[in-house]
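Hi everyone, thanks for making time this morning. I'd like to walk you through a structure, so let me put it on the screen.

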Amino acid sequence: MKRFGLYLSLLLIFFLILAPLIAVKEAISTGKIPRVIDRLHLNTGNTTRLAEQDWSSMQQLVLKQRYDSIQPDAVVVVDGDSWPLALACQSFSAKPLKLPVILFNHTETSINEVITKINTWSPRGLNEFNGADVLLVGQNTLSLQNELQQRGHNTSVFSNPDIFENVAAVRDTLLKASNKKNQAVLIVGSDNVKYALPAAAWMAHRGTPVLLVERDRVPDATRRALNEIDAENIYVLAPLSQVSNSIENELQEWGQVTRIGEEDPAAHAVSFARFYDATNRFGWQATQVTAEAARHFLLGSIKEDWRIFLAGNQLFSGPNFGPLLFTSADKLTAQTEKFLWSTTPDWWVTPAEGPFNHTWVLGGPTQVSYAVQGRVDFIQEMRDYLDQGDQGISGIEALALVWFALSLACAIWTWFHLSTRLTQVAPFMKLSWLLVMLVLGPVGLWSYYICYRGYNHQVALGEFPRPLWVQVLSATLGTVGFGMSTMVTVAFLLAYFGLPLFILQGPLFWLGSPMTQSILWSYLAALAVNIFIFVPLMLRSKEPSAYWDTVRDNALTVFFSMTAISIGMMSAMWLMQMRGLTVMPEEENIIWWATVWGANIIGLITGYIGNWPLVVRGRKIGTM
Amino acid sequence: MDFRRRMNYIRWAFGVVTALSVLLLLAILFYRPDYYKAKDVTNPAPVQITQNTTRVPGEDVFQVSAAISQIIYPATFADNKPNAVILVPQGDWRRALVAANVIHFPVDAPILYIKENEIPDVIKQEIKRLDPGGLFVDRNTKAYIVGSVGQRVKDELRAMKINFRQFEAANVYELAALIDQYRATINSDHTDMVMIAADNAPEFSIFSASWTAHMGNPTFFVSANEVPEATKRALKRRAQDAFIYLLGNEKVISPEIAEELGRYGHVQRIPGKDAFGMSTGFAGYADVGPNFGYWVAKTIRMFGWGIAEAGHNFIFVNPAQPEMAVPAGILSHRGKHGPMLLVQDNTIPEPVVRYLKIVQPTYLGSQEQLFNFGWVIGSPSVISEQVQIQANNLLQVKMPVSKTKE
């Protein structure tokens with residue numbers, strides 16, 4: 001009997017320490033995945049995949065979606081072998097010009113494609129370009145000139161062999177054509193396209209022009225361009241490895257310089273997505289400050305050809321727009337993941353309220369894996385503000401974790417204290433105190449202090465003369481220790497293995513409800529454990545009477561005491577799980593434990609009230 | 001003393017377990033779970049997408065139901081899988097609409113169509129892909145069968161190690177009442193807000209599936225000239241008078257029926273002259289007010305989408321194919337929650353166009369934009385490409401007027 005009681009309490013102690021950790025285990029276990037995943041399409045609730053494998057078919061798809069129904073005034077064809085030009089031309093797609101930008105390289109099909117595409121749009125030509133309806137940018141586009149002129153198109157050509165000159169010329173044309181005061185200019189390093197690409201989405205949306213610098217040199221063409229038209233704000237989108245500090249200082253000459261840059265490309269894209277300069281509303285400001293806004297993201301693999309990004313980027317040149325992000329092909333890059341978590345909207349009244357984010361994935365599953373897409377979809381799913389769903393840590397859960405840590409600390413301290421200073425306390429009393437710490441945390445520690453303060457160590461076993469209110473507290477905790485821990489354990493196990501559910505008819509249908517069942521069984525278990533095991537064991541040293549006599553004498557008392565505790569604990573658990581939270585929590589979520597630990601405190605209060613008359617009438621002892 | 005020694009063991013064991021759990025917690029800080037185990041995925045034919053719409057493809061109801069489930073549950077790790085699947089024998093749209101009442105939390109399961117005597121391959125594959133986790137409030141049940149099925153279906157499920165619960169009733173009215181009772185059992189309470197649909201007019205009620213999936217309010221059926229006994233019984237089961245919303249104009253649900261329903265609660269009719277108008281009327285409808293108060297607390301009544309502003313999502317379905325439409329209700333359960341709107345295969349009817357123009361977003365700014373989004377359910381033979389493009393144009397952000405058109 002004694003041994004059984006000992007093992008059972010050991011089991012309860014271990015359980016209360018380890019079971020909350022199952023939430024952690026659930027959070028990190030990812031489950032079984034079939035080897036091959038069969039799908040009929042590759043889109044999900046919060047993502048759409050632009051499933052084209054190569055940049056030229058991506059370009060066809062996107063241009064068709066974006067421009068076929070709106071007839072642009074002119075078309076920009078840009079050398080598909082020169083990223084600085086292709087990037088610079090993205091600004092043509094923004095207001096007020098709204099021109100499609102076609103990447104072009106030498107293959108024959110590409111010439112035909114370009115010409116067919118232009119013909120389907122039949123652009124009228126823009127006065128700003130002296131009536132030209134096709135802008136050819138970059139040397140290789142010259143090969144199109146004859147063909148286009150033969151078909152009655154009026155072309156305007158930018159084919160300076162110096163790339164810096166050509167980029168500057170594009171800016172010049174852009175500014176003149178859009179008749180804009182030049183408020184801002186983007187500066188990118190000429191060395192690595194990955195650090196320049198995040199600018200593309202912004203340029204296609206807002207038309208900010210770009211200029212190129214080398215790492216340690218401002219080329220003459222760029223210098224001239226900056227001299228000609230002043231820029232009030234210069235945004236250097238490059239980390240130190242791309243544009244040095246001395247260049248940053250040199251640029252001060254022409255305007256207010258701000259650097260946005262990270263050495264890690266994914267982090268670099270994220271920092272630009274977060275960036276905002278209120279003076280001219282430059283930057284996406286994709287932060288919690290603008291949590292009321294919906295976000296579209298363009299997500300591609302960092303390893304991919306830059307052309308696939310710029311081809312896809314055209315989708316973001318019109319009514320849909322948003323930051324460009326990088327990931328690695330088969331794992332969502334940590335920086336991007338963190339950013340996506342931070343932009344996920346919370347809902348307050350109903351998940352239909354929005355805003356709703358949407359991520360466009362560039363390329364097929366070999367380019368950005370389906371697993372990455374699934375992860376992005378999950379992260380971007382709306383969450384209840386108070387609950388934060390699976391894997392999210394809400395404020396409540398954070399507090400619950402702190403509470404759990406405190407409970408553990410309380411239990412450890414109490415055990416040391418009991419072992420070294422209060423050795424005269426009965427063994428099962430000690431175990432009971434340990435369990436009290438685990439179910440009540442700091443409140444348990446406070447009770448412990450109240451119960452034993454001021455008594456020197458020579459006080460005999462079970463002879464602590466206390467004021468009545470402390471006697472009641474002590475008596476209540478006597479039931480709480482084993483009772484509450486048993487209830488929590490049984491409730492957890494029932495939920496873990498699937499709660500029973502019976503569909504009943506009539507007004508008592510709720511008896512078949514899983515919550516009622518859980519309450520019923522955990523209550524009965526706690527009652528049984530207390531009546532038949534722990535109360536006789538705790539009283540054994542006090543009243544050396546026969547086992548069944550002890551059981552018979554105390555059953556009713558335990559029943560009253562236990563019921564008083566359960567009333568508070570169970571109704572609090574019910575209210576919190578069924579009414580307080582929008583979705584009933586599963587036992588594998590920390591928030592389930594939050595409701596349990598909260599309910600335990602309520603149970604202590606009602607238990608205290610219920611135990612008062614028992615102690616007053618001498619049915620329960622509060623001096624142990 | 002033997003006992004003292006045991007207490008000593010306990011002391012040590014306690015210390016060890018505590019130390020272990022602290023270590024475990026610390027280790028977890030440095031652990032990044034592998035959410036990327038889904039390596040190989042089939043590469044299906046691309047579907048028609050536009051800037052603000054995505055088509056959910058499929059030639060028949062089986063494929064479409066699987067395709068819809070694939071939108072909501074990527075199933076690349078445990079937390080983006082459903083708890084269960086809802087298997088509905090194909091052949092009666094009313095059965096599907098009733099099954100939509102199972103979708104909502106805590107069940108969290110998609111509707112998949114099966115044949116009465118067989119689970120089609122595409123659905124079997126989908127169940128395998130989803131690998132449902134089991135519903136913790138119902139003995140970790142992994143499948144719900146709504147209606148009667150042959151023994152073979154059950155055997156196939158057992159072979160797949162899918163434990164199931166079957167809802168079986170004499171008719172669809174009873175079935176609706178049974179599933180309502182099931183939900184009430186989970187919640188220990190019947191929802192006071194219910195919808196009433198005519199059993200012969202799918203176009204007036206299929207769009208309620210999205211609301212049912214979103215909020216868990218059931219739909220019960222009435223026939224042309226009477227309120228069936230099962231429906232009466234279900235209405236009476238509420239703890240108090242129900243709030244009853246009629247899905248149908250006076251031709252579909254007669255004033256006499258409406259009056260009879262008045263015995264069981266407060267009856268209101270969703271606005272709309274025809275079915276298309278009613279789908280938009282329902283999308284804009286919101287009824288809020290008291291439900292139940294008890295001195296120190298209150299629960300409120302909040303029924304209807306009430307969407308009259310930008311920043312929302314819509315599910316476009318063709319009512320000519322009611323069974324194809326109903327599973328799409330789950331698109332309002334997760335992801336882009338939003339009402340279902342009715343369109344025809346080759347045109348968007350005038351009331352729907354008018355509504356979409358009301359909720360169309362205007363351009364706000366680079367940092368603070370709201371977008372609308374639409375799902376198009378079925379292959380182009382169900383809803384044509386033109387309709388999708390037209391829907392896209394009605395959903396997209398209205399850019400400021402400048403010299404060029406947009």
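**A walk through chains A and B**

Let me start with a small motif in chain B: strand S9, helix H9 and strand S10 form a β-α-β unit, and that unit is right-handed. Before I go further, please keep in mind that this is a predicted model.

If you want to find the motif on the screen, S9(B) covers residues 242–247 and S10(B) covers residues 265–269. The helix, H9(B), takes up residues 255–261. The two strands run parallel, with five bridges joining them. To pick out one position, look at Ile244(B), which has Val267(B) of S10(B) opposite.

Now let's turn to chain A. How many helices and strands does chain A have? There are 21 helices and 15 strands. The domain assignment splits chain A in two: domain 1 is made of 2–27 plus 393–616, while domain 2 is 47–380. Between the C-alpha centres of these two domains of chain A there are 61 Å.

What about the overall dimensions? Along the principal axes, the C-alpha atoms of chain A occupy a box of roughly 115 × 60 × 40 Å. The radius of gyration of chain A is 35 Å, whereas a compact globule of 624 residues would come out near 25 Å. As for burial, 53% of the 624 residues of chain A count as buried. And if we take the contacts in chain A with a separation of 6 or more, 75% of them link residues 24 or more positions apart.

Next, the place where the chains meet. On the chain B side, 91 residues are in contact with 98 residues of chain A. Which element of chain B gives the largest share of that side? It is H1(B), with twelve residues. H1(B) spans 2–29, and other elements that give two or more residues include helix H2 (61–72), helix H6 (172–187) and helix H13 (385–395) of chain B. By residue type, the side of chain B that touches chain A has 40 nonpolar, 33 polar and 18 charged residues.

I've kept one detail for the end, and this one is about strands. S1 of chain A, residues 36–37, pairs with S1(B) in the parallel sense, over two bridges. Within that pairing, Ile37(A) has Val41(B) as its bridge partner. S1(B) itself, at 40–41, is also one of the elements giving two or more residues to the side that touches chain A.

That's my tour, and I'm happy to go back to any view you'd like.

Conventions. Residues numbered from 1 in each chain as written. Chains lettered and ligands numbered in written order. Predicted model: local features only at pLDDT ≥ 70, side-chain atom pairs only at ≥ 80, totals over all residues. Pairing = 2+ DSSP bridges. Helix = DSSP H or I, 4+ residues; strand = E, 2+ residues; numbered from the N terminus. Right-handed = clockwise from strand over helix to strand, strands pointing away. Domains from an automatic or database assignment. Contact = placed C-beta atoms within 7 Å. Nonpolar A, V, L, I, M, F, W, Y, C, P; charged D, E, K, R; others polar. Rg over C-alpha atoms; globule rule 2.2 N^0.38 Å. Buried ≥ 20, exposed ≤ 12 C-beta atoms within 10 Å, placed from the backbone.
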